[in-house]
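Here are some short exercises to work through with the model open beside you. Try each task before reading its solution.

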Amino acid sequence: MNYFHLEAKVVSRGAGRSVIAAAAYASCSRLYNDYDGLTHDYTRKQGCLYSEVFLPQYAPEEWKDRQVLWEAVESVEKTKDSRLAREIVVALPSELSLDDWKGMLERFIREQGTALGMCADVNIHDPYPPGHNPHSHILFTMRPLDEHGKWQAKTQKEYLCKRGSEERGFTADEFKTAKTQGWEKQYMYQFGAKKEYLTTSEAEKIKDCVRTSKTPKSTRYGRQNPLTELWNSEEQIFAWRKSWEMIINEEQERHGIADRVDCRSHAARGLTEQPTVHEGYHARKLESRGIVSDRCELNRQIREDNKLLRELKKQVQKLMKAVKESIPALASALEGLRDHMVLIQYQLIVNTSQQEAVTSQKEILSGILAEYKKVKAELKTKTVEKKELIAKQKNCGIHFIRASKLGEQIAALTEDLEELKFRKSQLLSRLNCQDSGIASQDKKVKEMDTFLGKLEQQHITLSEQKEKDKQKFLEIRNGIAPENQDAVMAEREAIRPEGKVGLVQKLYAVYKDKYRSEIFNEANRQIDSDLQEKLIQKQKRSIKEQLKAPRQEIPQKKKKEYER
């Protein structure tokens with residue numbers, strides 16, 4: 001296992017989710033939700049190898065049944081936007097067995113869940129093909145249990161009390177002690193036309209001061225349970241990631257597996273490789289049907305790019321070690337760095353092209369959606385206006401002239417409405433959807449924004465790596481003795497064609513039929529400009545002619561649309 005994945009989400013009613021539905025999906029079972037009266041049936045879903053509920057020692061034994069456990073959770077949460085559960089999805093090492101996965105998860109649940117009073121519903125998925133993507137869905141409760149097996153409160157009422165000019169918050173239990181120290185609760189009082197929160201002793205000093213409320217002054221959200229506050233913090237998510245990293249590495253070491261994982265991001269680890277994007281169910285479903293998905297295609301390209309970067313980086317490191325005063329070594333080091341920069345520049349040009357294409361598509365789609373919403377609003381306004389005019393016309397009675405004028409207005413509005421309906425139909429045709437599909441089009445625009453953000457981040461990372469290579473290149477070139485500069489340049493000219501051939505072969509292996517020689521030539525020109533070097537004259541034979549492997553014909557694929 002050479003990658004780490006832990007994703008933490010919240011199952012919340014405010015987001016339209018149900019913990020019963022989430023539990024049924026994760027366990028591939030059929031569960032009934034008494035809160036909304038819906039039955040969630042996922043018994044036809046494949047790939048669930050293991051399901052078990054873990055409880056703290058003082059939890060009711062009947063909660064071993066997930067139906068009973070999550071019904072208890074749904075019933076204790078009263079508000080329409082309640083946070084019901086914490087969902088964690090972790091990747092499992094494909095080299096290990098089901099029993100190993102169970103042991104790892106039991107340890108993680110014990111250390112990070114049940115020891116803190118939380119219940120956990122654990123499921124292991126290994127969908128077809130087996131071993132391709134083994135992972136686990138973990139549902140943690142949001143409220144801890146006390147030593148009596150009762151749910152603890154997420155927050156406690158916190159009363160704002162005064163002592164002299166000082167104001168401080170106390171819970172009900174804390175106030176019992178604070179009261180003996182001179183602290184008083186504040187209530188709403190009215191004196192004359194003025195209303196104000198006062199303590200009883202302050203109110204007694206004001207003439208005709210009357211209390212208007214029985215509710216003491218309190219903080220808006222109350223005092224959060226410290227355990228619940230920790231449970232929802234960034235620190236807790238990092239603790240989960242660190243714990244899961246340690247468990248994986250220890251288990252792989254026990255089995256003699258050399259691979260190790262790291263929970264830190266690429267940036268935190270100082271890696272220049274590009275992280276892949278989340279593909280998701282829909283993208284993989286398209287791929288299984290033989291339809292190329294943008295997300296899967298991007299990930300394939302990123303993996304190949306990273307492979308190329310690793311190869312070139314190793315070559316550059318070897319050459320850097322070998323560089324002394326040797327003219328061939330200096331020339332090889334400079335050309336190796338230049339090749340690396342050309343590769344990155346090629347990726348930057350492709351990246352910019354992708355950004356421009358997605359931006360253009362987004363602008364077109366956004367413009368159509370904006371016009372559609374404008375037309376729909378006008379349609380609604382004119383429909384209401386027409387109904388009002390028709391109602392007025394019916395009430396005209398013998399006022400025929402007025403009725404006639406209203407009829408003219410109604411006729412004009414009718415034509416306007418027909419024109420707007422036609423325009424709306426045209427816009428829906430351009431969007432290739434019905435009214436019910438507008439929400440998905442809006443979502444597509446948001447996904448394009450996300451996709452553009454990832455491309456922008458990739459562009460920044462590649463630009464930073466290119467700048468680092470440039471600094472190394474200039475450091476070596478500026479360190480060459482003046483008497484050796486011509487000899488090094490001659491050596492570089494001699495080895496440049498072979499280096500270009502190798503670089504083109506590598507790029508073609510990654511981009512296949514998408515490789516473009518004009519982009520490669522542009523990348524070379526830009527790098528020479530950045531390094532302030534003169535262009536080396538091209539050889540009589542083209543690079544394509546020098547390639548050892550003939551270019552294979554690849555069937556044209558259908559034009560792809562941006563998909564989620």
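A cavity is a set of points on a 1 Å grid over the protein atoms alone where a 1.4 Å probe fits but cannot get out, and its lining residues have an atom within 4 Å of a point. Grid points are joined across faces, edges and corners, and a volume is the space filled by probe spheres set on the points.

This is a predicted model: local features need pLDDT of at least 70, side-chain atom pairs count only at pLDDT 80 or more, and totals for chains, interfaces and linings use all residues. Residues are numbered from 1 along each chain as its sequence is written, and side-chain values use heavy atoms, with hydrogens and water left out.

**Exercise 1. Describe the largest cavity and its lining.**

Step 1: Begin with the count; the structure holds three cavities of 30 Å³ or more.

Step 2: Take the largest cavity, whose volume is about 50 Å³.

Step 3: Find what surrounds the largest cavity. Its lining includes Leu298, Asp305, Asn351, Gln458 and Tyr511. Helix 10 (294-322), helix 11 (327-394) and helix 13 (438-478) are the elements that give two or more residues to this lining. Helices here are DSSP runs (H or I, at least four residues), numbered from the N terminus.

Step 4: Helix 11 supplies the largest share of the lining, four residues.

Step 5: Sort the lining by class: four residues are nonpolar, five polar and one charged. In this scheme Ala, Val, Leu, Ile, Met, Phe, Trp, Tyr, Cys and Pro count as nonpolar, Asp, Glu, Lys and Arg as charged, and the others, Gly among them, as polar.

**Exercise 2. Is Asp100 buried or exposed, and what does it touch?**

Step 1: Locate Asp100 in helix 3 (residues 98-112).

Step 2: Asp100 has a relative accessible area of 14%, so it is buried. Buried means under 20%, exposed over 50%, and partly exposed in between (1.4 Å probe, protein chains only).

Step 3: The side chains of Asp100 and Ser97 are joined by a polar contact of 3.0 Å. Such a contact is a pair of N or O atoms within 3.5 Å; within protein, one must be able to donate a hydrogen and the other to accept it, and residues adjacent in sequence count only if both atoms are side-chain atoms.

Step 4: Beyond neighbours within four places in sequence, Asp100 is in contact (heavy atoms within 4.5 Å) with Glu251, Arg254 and His255.

**Exercise 3. Why is helix 1 (residues 19-27) largely enclosed?**

Step 1: Eight of its nine residues are buried, so the rest of the structure largely encloses helix 1.

Step 2: Among these buried residues are Val19, Ile20 and Ser27.

How values were computed:
On a 1 Å grid over the protein atoms alone, a cavity is a set of points where a 1.4 Å probe fits but cannot get out, and a pocket is an open set with protein on both sides within 12 Å along at least five of seven lines; lining residues have an atom within 4 Å of a point.
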